[in-house]
Amino acid sequence: MKKRRLGNSDLYVSEIGLGCMSLGTDYSKAEDIVHEALDSGINYLDTADLYDYGQNEEIVGQAVKGRRDEVIIGSKVGNKFTPGEEGWTWDPSKKHIKEGVKSSLKRLGVDYIDLYQLHGGTIEDSIEESIQAFDELVDEGLIRAYGISSIRPNVIKQYVEKSNIVSIMMQYNAMDRRPEELLDYLADHDISVLARGPLAKGMLSSRGPEKAASKADNGYLEYSQEEVLSIAEQWPSFTGSDKNAETLALQYVLHHPAVASAVFGARTTDQLADSLTYRTAPGLTDETYRKIQSLTKPLTYQKHRS
């Protein structure tokens, strides 16, 4: 599996990563998925303290025991919750971030987290305070690097200008092309993108039309349901005989060098296998890339710009 450097850090992540939110709470099934991913060459596992109120971190931690040196673990902080209780509140304070990392380390069963990310953020936050917390955690050796998970341009630009972030996680796929307005800007600042949702809720997968019918009954972003169905039905025609729909979707988001990893979810080992065909498929040509862009809309972020 090819790897790409995460910003200016010493972290090199596999071009496709496993988003662990969809693993579920059945440890045996989750372990099978994680181990198969690692055996295939995937080294980036993405979790968060909020997923299943901490249980997801526990499952990931158990699954990687004995294989810690093979894995780059990304987790997230910023949502305050009480295990066993529903709901959470947003808290990007220094106090919460520094308490949160200790809880995550305990659940994961590790001494450090490779990539610690702020799980959201608003322009009204005390951004300098949050940055100070992350910088101190790096100095203390509890995390190796940090980033943010955000789709708000105004928040992203504040962190680019003021912090030492190495990455931004944002939803990005061939139908949600909003991040493309920021990719050159981030590349110029040596900050990488972790692209979540590259399969667009499965609508750009081998089951695209079926997923589009169920996931886009009210449309998707600025697309009507009819437009989504049309794209899902046409998608296989772009794959040719040498790749499947999942591979094409992953290759699209990885086409820009600012993207370090396409982070997809898998609920079963079969779903994982569909995406693993990416490893052996021929690359995406510029011509196919342009054809995909002509099929979809060049969406831009309409909110949180200033």
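Let me start with one term: a residue is buried when its relative accessible area is under 20%. Keep that cut-off in mind. One more thing before we start: this is a predicted model.

Now take Arg67. Its relative accessible area is 15%, so Arg67 is buried. Arg67 has a salt-bridge partner, Glu70. The closest N and O atoms of this pair are 2.9 Å apart. Is Glu70 buried or partly exposed? Glu70 is partly exposed, at 36% relative accessibility. So in this pair Arg67 is buried, while Glu70 is partly exposed.

A word on the principle. Side chains of opposite charge can pair when their charged atoms come close.

How many salt bridges does the count give? The count comes to 20 salt bridges. I will pick out a few.

Next is Lys94 with Glu136. Their closest N and O atoms are 2.9 Å apart. Where do the two sit? Lys94 is in helix 3, residues 94-108. Glu136 is in helix 4, residues 127-139. They are 42 residues apart, and the pair links distant parts of the chain. Lys94 has a relative accessible area of 23%, so Lys94 is partly exposed. Glu136 is at 22%, and that also counts as partly exposed. Both values can be held against the cut-off, because buried means under 20%.

Stay with helix 3 and look at Lys98. The side chain of Lys98 meets that of Glu140 in a salt bridge, 2.7 Å from N to O. Lys98 is in helix 3. Glu140 is in the loop between helix 4 and strand 9, and strand 9 covers 143-149. Here too the partners are 42 residues apart, and the pair links distant parts of the chain. Glu140 is partly exposed, with a relative accessible area of 44%.

Some salt bridges share partners. Which residues do they join? Asp10, Arg68, Asp114 and Arg144 form one network this way.

Back to helix 4, and two residues in it. The first stop is Ile127, which is in helix 4. At 4% relative accessibility, Ile127 counts as buried. Compare its position with that of Asp10, which we met in the network. Ile127 and Asp10 are 117 residues apart in sequence. In space they are 25 Å apart, C-alpha to C-alpha.

The next stop is Ala133, also placed in helix 4. Its relative accessible area is 0%, so Ala133 is buried. Ala133 and Pro92 are 41 residues apart in sequence. Their C-alpha atoms are 9.5 Å apart in space.

Now the strands. Please find strand 12, residues 259-265. How many of its seven residues are buried? Six of the seven are, and the strand is mostly covered. Strand 12 has strand 3 as a partner, residues 16-19. The two run parallel, joined by four bridges. Gly19 stands opposite Gly265 of strand 12. Strand 12 also pairs with strand 11, residues 192-196. That pairing is parallel as well, over four bridges. Which residue of strand 12 does Leu194 face? Leu194 stands opposite Ser261.

Let us move to the surface. There is a negative patch there. Which residues form it? They are Asp26, Asp32, Glu36, Asp270 and Asp274. Two helices each supply at least two of the patch residues. One is helix 1, spanning 27-40, and the other is helix 10, spanning 269-276. Take Asp32 as an example. Asp32 is in helix 1. Its relative accessible area is 44%, so Asp32 is partly exposed.

Finally, the backbone. Two residues are worth a look. Tyr53 has a phi near 50°, a positive value in a residue other than glycine. Where is Tyr53? Tyr53 lies in the loop between strand 4, 44-46, and helix 2, 55-63. At 28% relative accessibility, Tyr53 counts as partly exposed.

The other residue is His304. Its phi is near 55°, again positive and again in a residue other than glycine. His304 is in the segment after helix 11, which covers 286-295. His304 is at 34% relative accessibility and so counts as partly exposed.

Note on methods. Residues are numbered from 1 along each chain as its sequence is written. This is a predicted model: local features need pLDDT of at least 70, side-chain atom pairs count only at pLDDT 80 or more; totals for chains, interfaces and linings use all residues. Side-chain values use heavy atoms; hydrogens and water are left out. Buried means under 20% relative accessible area, exposed over 50%, partly exposed in between (1.4 Å probe, protein chains only). Two strands pair if DSSP finds at least two bridges between them. Patches are made of residues with over 30% relative accessible area and no salt bridge: like charges are joined within 9 Å, nonpolar side chains (Val, Leu, Ile, Met, Phe, Trp, Tyr) within 5 Å. Accessible areas come from the Shrake-Rupley method with a 1.4 Å probe; for residues, only the protein chains shown count as cover. A salt bridge is a side-chain nitrogen of Lys or Arg within 4 Å of a carboxyl oxygen of Asp or Glu. Lys and Arg count as positive and Asp and Glu as negative; His and the chain ends are not counted. The place of a charge is taken as NZ of Lys, CZ of Arg, CG of Asp or CD of Glu.
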